[in-house]
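Here's a quick tour of a metal site and the pocket around it. Have the viewer open while you read.

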Amino acid sequence: MTKIYFDKTFSPLTSEEIVAKEKNNMDAKRFKHCIGVSETSRKLAQLNNYDPEKAALAGFIHDYAKQVPNERFIEIIKTKGFDQDLLNYNRAIWHGIVGSYIIEQELKISDPEILTAIKRHTTADTEMTTLDKIVFVADFIEPNRDFPGVDEARKVAFANLDAGVGYELAHTLSFLVENRQKIYPKTLAAYNVWSIK
Ligand code: DGI
Ligand code: FE
Ligand code: FE
């Protein structure tokens with residue numbers, strides 16, 4: 001029997017079908033991360049008066065497209081009406097923004113709140129719904145995450161979800177600058193909204 005991680009699928013597919021597709025689309029380590037994000041999303045939802053099962057599903061599928069080949073992302077960006085500036089970035093940015101398109105196609109989920117949370121889960125945005133914040137933060141603090149600052153991030157996020165978003169964006173910006181990585185404009189704009197003290 002397949003283990004079930006959420007009660008509702010927001011899709012004509014069953015939970016078993018979604019879990020099977022997810023498992024098929026990634027390696028075991030990534031799958032474990034997705035279970036962690038699902039469980040942490042459920043907890044954050046309970047703390048923030050949001051539907052826990054909807055959050056658990058969004059968290060579970062957030063990295064569905066993480067291991068999709070570059071060629072497929074590029075093809076979709078070129079042919080499906082995406083902003084062509086995305087081609088100047090890489091799969092770190094694509095797996096959420098283009099991933100939500102792939103999720104809609106393959107998991108048959110069209111709920112706009114879920115799709116938007118997937119789109120924003122890497123970069124965040126100046127405007128964030130409660131579900132956007134839940135998935136963004138859960139991705140950063142789920143139990144399998146281990147980096148300097150993760151305990152502080154957990155403490156901050158469980159006390160106040162908005163503060164959790166701010167903490168994570170400051171950390172991500174520092175990481176990107178430290179590594180001389182290109183900053184996606186939305187990440188920077190989101191930092192200016194959520195991380196300024
Ligand atoms: O998919 P995960 O690894 O679970 O987590 P994620 O979706 O938050 O992706 C994290 C990666 O995304 C990390 O390597 C940093 C990268 N990233 C986030 N914002 C930006 C970025 N990379 C670039 N180049 N520019 C950004 O603005
Ligand atoms: Fe991701
Ligand atoms: Fe993730």
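Along the chain, the residues that donate to the iron ion (ligand 3) follow the pattern H-x28-H-D-x75-D. Keep in mind that this is a predicted model. Put names to that pattern and you get His33 (NE2), His62 (NE2), Asp63 (OD) and Asp139 (OD), which sit 2.1 to 2.2 Å from the ion.

The second iron, ligand 2, has its own spacing, D-x31-H-x25-H. Its protein donors are Asp63 (OD), His95 (NE2) and His121 (NE2), lying 2.1 Å from the metal. Two of these come from distant parts of the chain: His95 belongs to helix α5, while His121 is in the loop between α7 (112–119) and α8, 26 residues apart.

Which residue ties the two irons together? Asp63 bridges the iron ion (ligand 2) and the iron ion (ligand 3), and the two ions are 3.5 Å apart.

Now for burial. Asp63 has a relative accessible area of 2%, so it counts as buried, the cut-off being under 20%. His62 is buried too, because its relative accessibility is 0%. On the ligand 2 side, His95 and His121 are both buried.

Then there's ligand 1. It has 17 residues around it, and Lys66, Thr122, Lys182, Tyr184 and Thr187 come nearest. Some side-chain contacts to its oxygen atoms are worth a look:

| Side chain (polar atom) | Partner | Distance |
|---|---|---|
| His121 | oxygen atom of ligand 1 | 2.9 Å |
| Thr122 | oxygen atom of ligand 1 | 2.7 Å |
| Arg145 | oxygen atom of ligand 1 | 2.9 Å |

His121 therefore turns up twice, as a donor to the iron ion (ligand 2) and, through an N or O atom of its side chain, 2.9 Å from an oxygen atom of ligand 1.

Finally, the pocket. The largest one has a volume of about 1,000 Å³. Its lining takes in 34 residues, with Lys66, Thr122, Arg145, Thr172 and Phe175 nearest the centre. Elements that supply two or more lining residues are α2 (28–47), α5 (91–97), α8 (130–141) and α10 (161–178). Which of them gives the most to the lining? That's α10, with 5 residues. By type, the lining splits into 9 nonpolar, 13 polar and 12 charged residues.

Some names recur here: Lys66 and Thr122 are among the residues nearest the pocket centre, and both are also among those nearest ligand 1.

Methods: Residues are numbered from 1 along each chain as its sequence is written. Chains are lettered from A and ligands numbered from 1 in the order in which they are written. This is a predicted model: local features need pLDDT of at least 70, side-chain atom pairs count only at pLDDT 80 or more; totals for chains, interfaces and linings use all residues. Side-chain values use heavy atoms; hydrogens and water are left out. Donors are N, O and S atoms within 2.8 Å of the metal (3.2 Å for Na, K and Ca); water is not among the atoms, so sites may look incomplete. Buried means under 20% relative accessible area, exposed over 50%, partly exposed in between (1.4 Å probe, protein chains only). On a 1 Å grid over the protein atoms alone, a cavity is a set of points where a 1.4 Å probe fits but cannot get out, and a pocket is an open set with protein on both sides within 12 Å along at least five of seven lines; lining residues have an atom within 4 Å of a point. Grid points are joined across faces, edges and corners, and a volume is the space filled by probe spheres set on the points. Helices (H or I, at least four residues) and strands (E, at least two) are DSSP runs, numbered from the N terminus. Ala, Val, Leu, Ile, Met, Phe, Trp, Tyr, Cys and Pro count as nonpolar, Asp, Glu, Lys and Arg as charged, and the others, Gly among them, as polar. A residue is near a molecule or strand if one of its heavy atoms lies within 4 Å of it. A polar contact is a pair of N or O atoms within 3.5 Å; within protein, one must be able to donate a hydrogen and the other to accept it, and residues adjacent in sequence count only if both atoms are side-chain atoms.
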